[in-house]
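This briefing is meant for a reader meeting the structure for the first time, and it treats a predicted model. The points that follow are grouped by topic and can be checked against the sequence and the view shown here.

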Amino acid sequence: AATDYALLGLAFGAAVYGAFMTTIGYLKNLESMTWVWRWMNYISWEYYGWTAMMVNEMTGRTFQAGESWGQFSPQIDGTVVLDTYQIGGVKIWVNVLALIGLSIVVRIACALWTHFVLTGQKRK
């Protein structure tokens, strides 16, 4: 019986994580998504973690693009990268608080599910 729950959890978790990863804005800009998919950003901890990491790594940095066809490319400012992904103006501490809040909500939901649904079921 425990194996059934574990397999169901793995399959459901893979589907949810796949949906979250495709809608965080890395593969497709948020502006080009319809409202049907855009709401997933607000409940996705991948979105908050990824945007906080991008702002932390790209703000105030300049990158050399390298040599292309024997010519050196111009330098790229980190804010241009952030504007490309449309995540300018993100505050890292707000994302950290969102991650902590989402972790608490998931922990409470799992505890309530375990207490009310799984406890008391007959084990085979």
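Gln86 sits in the loop that runs between helix H4 (78-84) and helix H5 (92-118). Its phi angle is near 60 degrees, which is a positive value in a residue other than glycine. With a relative accessible area of 34%, Gln86 is partly exposed.

**Aromatic pairs**

- The model, which is predicted, contains 4 aromatic pairs, counting rings whose centres lie within 6.5 Å.
- One of these pairs joins Phe20 and Trp45, whose rings are 6.4 Å apart from centre to centre with 65 degrees between their planes, an edge-to-face arrangement.
- This pair links distant parts of the chain, since Phe20 belongs to helix H1 (residues 2-22) and Trp45 to helix H3 (residues 45-58), with their positions 25 residues apart.
- Phe20 has a relative accessible area of 6% and is therefore buried, because the limit for that class is under 20%, whereas Trp45, at 30%, is partly exposed.
- The planes of the rings of Tyr47 and Tyr48 stand at 70 degrees, over the 60 degrees required, so this pair is edge-to-face as well, with ring centres 5.5 Å apart.
- Both Tyr47 and Tyr48 are buried.
- A single aromatic cluster is formed by Tyr17, Phe20 and Trp45.

**Nonpolar core**

- The largest nonpolar core is made up of 12 residues, among them Ile24, Leu30, Met33, Tyr47, Tyr48, Trp50 and Met58.
- Helix H3 provides the largest share of this core, with 6 residues.
- Met58, one of the core residues, touches Phe63, Gly78, Thr79, Val81 and Leu82 when residues up to four places away in sequence are not counted.
- Leu82 is also listed in the largest nonpolar core, as are Ile87 and Leu102.

**Two threonines**

- Thr51 is found in helix H3, and at 1% relative accessibility this residue counts as buried.
- Apart from residues up to four places away in sequence, Thr51 touches Ile87, Val90 and Asn95.
- Thr62 has its place in strand S1 (residues 62-64), and with a relative accessible area of 48% Thr62 is partly exposed, because the exposed class begins over 50%.
- Once its neighbours within four places in sequence are left aside, Thr62 is in contact with Gln75, Ile76 and Asp77.
- For Thr62 and Asp77, which are 15 residues apart along the chain, the separation between the C-alpha atoms is 4.5 Å.

**The largest pocket**

- The volume of the largest pocket is about 590 Å³.
- Its lining consists of 16 residues, and those lying nearest the centre of the pocket are Phe12, Gly13, Trp45, Val106 and Cys110.
- Helices H1 and H5 each supply at least two residues of this lining, and H5 gives the most, with 8 residues.
- By residue class, the lining of the largest pocket divides into 14 nonpolar and 2 polar residues, with no charged ones.
- Trp45 thus appears under two topics, since this residue lies among those nearest the centre of the largest pocket and also takes part in the aromatic cluster with Tyr17 and Phe20.

Key: Residues are numbered from 1 along each chain as its sequence is written. This is a predicted model: local features need pLDDT of at least 70, side-chain atom pairs count only at pLDDT 80 or more; totals for chains, interfaces and linings use all residues. Side-chain values use heavy atoms; hydrogens and water are left out. Rings of Phe, Tyr and Trp (its six-membered ring) pair if their centres lie within 6.5 Å; planes under 30 degrees apart count as stacked, over 60 as edge-to-face and the rest as tilted. Helices (H or I, at least four residues) and strands (E, at least two) are DSSP runs, numbered from the N terminus. Buried means under 20% relative accessible area, exposed over 50%, partly exposed in between (1.4 Å probe, protein chains only). A nonpolar core is a set of buried Ala, Val, Leu, Ile, Met, Phe, Trp, Tyr and Cys residues joined through side-chain atoms within 4.5 Å. Contact means heavy atoms within 4.5 Å. On a 1 Å grid over the protein atoms alone, a cavity is a set of points where a 1.4 Å probe fits but cannot get out, and a pocket is an open set with protein on both sides within 12 Å along at least five of seven lines; lining residues have an atom within 4 Å of a point. Grid points are joined across faces, edges and corners, and a volume is the space filled by probe spheres set on the points. Ala, Val, Leu, Ile, Met, Phe, Trp, Tyr, Cys and Pro count as nonpolar, Asp, Glu, Lys and Arg as charged, and the others, Gly among them, as polar.
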